[in-house]
Amino acid sequence: MKIIHAANELKAEGKKVCLAIGFFDGVHLGHQQIIRQTISDARQHDAVAVVLTFDKHPNSIVAPDKVPPLIYSLPQKLCAIESLGADALLLIHFDKKFSEHTGEEFIRGLTRDFGKVHSICVGADFVFGHKRSGNVELLKKLGSEIGFQVHGLAAVSLDGEVVSSTRIRETIRAGNFDAASQMLGRTYAISGRVVEGDKLGHKLGFPTANLDATNLILPPNGVYSGCTKLKGQFYRVALNIGLRPTVASAKPQLRVEAHLLDFDGNLYGEDLEVEIGEKLRDERKFNSPNELREQISKDVSEVRKLV
């Protein structure tokens with residue numbers, strides 16, 4: 001999948017463009033329907049299937065006090081979109097200047113820079129542009145004038161309720177990973193860049209990869225079984241999410257720490273995705289590092305049985 005940062009970078013070589021637009025946090029079943037419709041349109045009309053999304057949640061600029069925690073990191077989202085078969089992805093840097101474009105300016109700019117847009121596909125309740133000035137009705141009006149089709153797809157429902165990023169966040173927060181995975185259409189996983197920690201795990205004999213989970217929705221604190229894939233090989237994971245109450249700290253920070261069983265290597269700077277399995281136990285304070293080491297050893301043994 002080709003990643004571009006401006007529509008005129010596509011170089012469609014005379015082909016029309018079929019476009020899916022959305023923030024697509026989680027790339028859940030509803031998002032997949034939009035993207036698959038776009039790909040289907042493109043295949044039928046010898047066009048290029050392009051997914052347009054943003055590098056950050058629009059609320060981070062237009063309503064900073066209403067930014068939801070995200071289900072997926074940006075690399076995780078792009079990977080999920082690529083797996084659906086899109087030809088290209090237009091990743092727009094969402095900043096104050098961009099946020100001031102009206103919905104109409106946004107769409108006219110896209111159709112001008114792409115050359116020829118055959119169709120635009122969005123969710124039925126999708127709104128966009130300065131002060132939410134764009135919606136499906138505006139798209140249809142511009143489509144009639146400029147000459148592109150519009151698909152405003154109704155939300156997907158599961159178990160009688162609409163699948164939404166908000167609902168998925170609620171299930172993750174509640175630790176209901178089966179429900180989250182069903183709505184995502186794939187196993188729920190946490191992904192983050194591996195950053196340097198204080199190497200406490202290494203001192204205890206169980207080195208951990210510290211994932212930067214800034215701005216992500218996280219499950220309840222505790223220890224979980226999990227698995228990850230590195231360079232084509234699967235590893236079992238003991239995952240700890242929490243404040244590490246055994247470690248004295250003036251300002252406890254929430255950590256996401258992954259111990260990869262039977263792995264020896266340096267992961268700093270890598271994007272690591274960990275699929276989460278069962279919760280092994282709640283986080284708790286131990287009386288000494290030795291007591292903590294013994295419990296981690298038990299956790300690791302449990303992971304070997306489960307994963």
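Start with the whole chain on screen: 72% of the contacts with a separation of 6 or more are between residues 24 or more positions apart, where a contact means heavy atoms within 4.5 Å. What you are looking at is a predicted model, in which local features need pLDDT of at least 70, side-chain atom pairs count only at pLDDT 80 or more, and totals for chains, interfaces and linings use all residues. Residues are numbered from 1 along each chain as its sequence is written, and side-chain values use heavy atoms, with hydrogens and water left out.

**The overall view**

Turn on the cartoon display. You will find ten helices and 14 strands; these are DSSP runs numbered from the N terminus, with helices being H or I of at least four residues and strands E of at least two. The C-alpha trace spans about 70 × 40 × 40 Å along its principal axes. Of the 307 residues, 48% are buried, a word that here means under 20% relative accessible area, with exposed being over 50% and partly exposed in between (1.4 Å probe, protein chains only).

**Stop one: the largest pocket**

Select Phe 23, His 57, Asp 125, Phe 126 and Val 127. Among the 42 residues lining the largest pocket, these are the closest to its centre. The pocket holds about 1,200 Å³ of space. On a 1 Å grid over the protein atoms alone, a pocket is an open set of points where a 1.4 Å probe fits, with protein on both sides within 12 Å along at least five of seven lines, and lining residues have an atom within 4 Å of a point. Next, colour helix H1 (29-44), which gives the largest share of the lining, four residues. What mix of classes makes up the lining? There are 21 nonpolar, 16 polar and five charged residues. Asp, Glu, Lys and Arg count as charged, Ala, Val, Leu, Ile, Met, Phe, Trp, Tyr, Cys and Pro as nonpolar, and the others, Gly among them, as polar.

**Stop two: rings**

Keep Phe 126 and add Phe 128. Their ring centres are 5.4 Å apart and their planes lie at 20 degrees, so this pair is stacked. Rings of Phe, Tyr and Trp (its six-membered ring) pair if their centres lie within 6.5 Å; planes under 30 degrees apart are stacked, over 60 edge-to-face and the rest tilted. Both Phe 126 and Phe 128 are buried. Now add Phe 54, Phe 94, Phe 98 and Phe 106, which ring pairs link with these two into a cluster.

Then go back to Phe 23 and show Lys 77. The charged end of Lys 77 sits over the ring of Phe 23, 3.8 Å from its centre (the rule is NZ of Lys or CZ of Arg within 6 Å of the ring centre and within 35 degrees of the ring normal).

**Stop three: helix H3**

Lys 77 belongs to H3 (residues 74-83), where Gln 76, Lys 77, Leu 78, Ala 80 and Ile 81 are buried. Their cover includes H1 and strand S3 (48-54). After H3 comes Gly 85, with a positive phi near 105 degrees.

**Stop four: helix H8 and His 28**

Select H8 (residues 177-184): six of its eight residues are buried, including Met 183 and Leu 184. Just after H8, Gly 185 has a positive phi of about 75 degrees.

Finally, find His 28 in the loop between strand S2 (17-21) and H1. Is His 28 buried or exposed? His 28 counts as buried because its relative accessibility is 4%. Beyond its neighbours within four places in sequence, His 28 has contacts that include Met 183 and Leu 184.

Conventions
Points joined across faces, edges and corners; volume = space filled by probe spheres on them.
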